[in-house]
Amino acid sequence: WFQSLDYQTAQTSLNSFQAKTDPDGKIRLVVSHQDLGYSNWLDTTGHHEGVFYMRWTKAQTKPDQPMVKLVKLDELQELMPVDSHKLTQAERRQIIAKRYASVARRFAD
């Protein structure tokens, strides 16, 4: 069954306002069990397999075909642009706290 991961206390999704575009115009997502500090990190929340999907709503132009590349963690830094947006642990905690509050507000009694 398709089940959403814990989007309230983990960064398991990004929308167009949350995802950061690299200076070369590309949006790179890092899907990993471990937070390596990249803004566009998606937490697997411990799952080893799952479904990944992307959608475009009201796109002005046809987006490029998404590409996926499986890499080892120790190779990732070599492949990411030097100026790819990163976060401190404090910034990540703030983002998670904001997600938590947003979901709590959306589903309040």
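Modeller: Welcome! One term before we begin: helices (H or I, at least four residues) and strands (E, at least two) are DSSP runs, numbered from the N terminus. Please keep in mind that this is a predicted model.

Colleague: Thanks! In what order do the elements of the protein chain run from the N terminus on?

Modeller: The protein chain contains two helices and two strands. The strands come before the helices, so with elements numbered from the N terminus, the order along the protein chain reads β-β-α-α.

Colleague: Where does T44 lie?

Modeller: Let's place the neighbouring elements. Strand β2 covers 41-43, and helix α1 covers 73-79. T44 is found in the loop between β2 and α1.

Colleague: Is T44 buried or exposed?

Modeller: T44 touches L5, V31, S32 and H33, leaving aside residues up to four places away in sequence. Its relative accessibility is 12%. Because the cut-off is under 20%, T44 counts as buried.

Colleague: How far apart are the C-alpha atoms of T44 and H33?

Modeller: H33 is among the residues that T44 touches. Along the chain, T44 and H33 are 11 residues apart. In space, their C-alpha atoms are separated by 5.2 Å.

Colleague: Which side chain does a polar contact of 2.3 Å join to that of S39?

Modeller: S39 is found in the loop between β1 (30-32) and β2 (41-43). With 6% relative accessibility, S39 counts as buried. Not counting residues up to four places away in sequence, it touches Q11, K20, H85, K86, L87 and R92. The polar contact of 2.3 Å joins the side chain of S39 to that of H85.

Colleague: Which residues make up the largest nonpolar core?

Modeller: V30 is a good place to start, as its contacts include Y38, W41, L76 and M80. V30 also touches N40 and L42; this list leaves out residues up to four places away in sequence. The largest nonpolar core has five residues in all: V30, Y38, W41, L76 and M80.

Colleague: What share of the residues of the protein chain count as buried?

Modeller: S39 and T44 each count as buried, at 6% and 12% relative accessibility. The accessible surface of the protein chain comes to about 9400 Å², with 53% belonging to carbon and sulfur atoms. Of the 109 residues of the protein chain, the buried share is 21%.

Colleague: Last one: how far apart do the centres of the positive and negative side chains lie?

Modeller: The protein chain has 15 positive and 13 negative side chains. Its C-alpha atoms fill a box of roughly 45 × 35 × 30 Å along the principal axes. The centres of the two sets of charged side chains lie apart by 7 Å.

Definitions and conventions. Residues numbered from 1 in each chain as written. Predicted model: local features only at pLDDT ≥ 70, side-chain atom pairs only at ≥ 80, totals over all residues. Heavy atoms only, no water. Buried < 20%, exposed > 50% of the residue type's maximum accessible area, 1.4 Å probe, protein only. Areas by Shrake-Rupley, 256 points an atom, 1.4 Å probe, with all protein chains shown as cover. Lys, Arg positive; Asp, Glu negative; His and termini not counted. Charge placed at Lys NZ, Arg CZ, Asp CG, Glu CD. Core = buried A, V, L, I, M, F, W, Y, C linked by side-chain atoms within 4.5 Å. Contact = heavy atoms within 4.5 Å. Polar contact = N/O pair within 3.5 Å; in protein donor to acceptor, adjacent residues only side chain to side chain.
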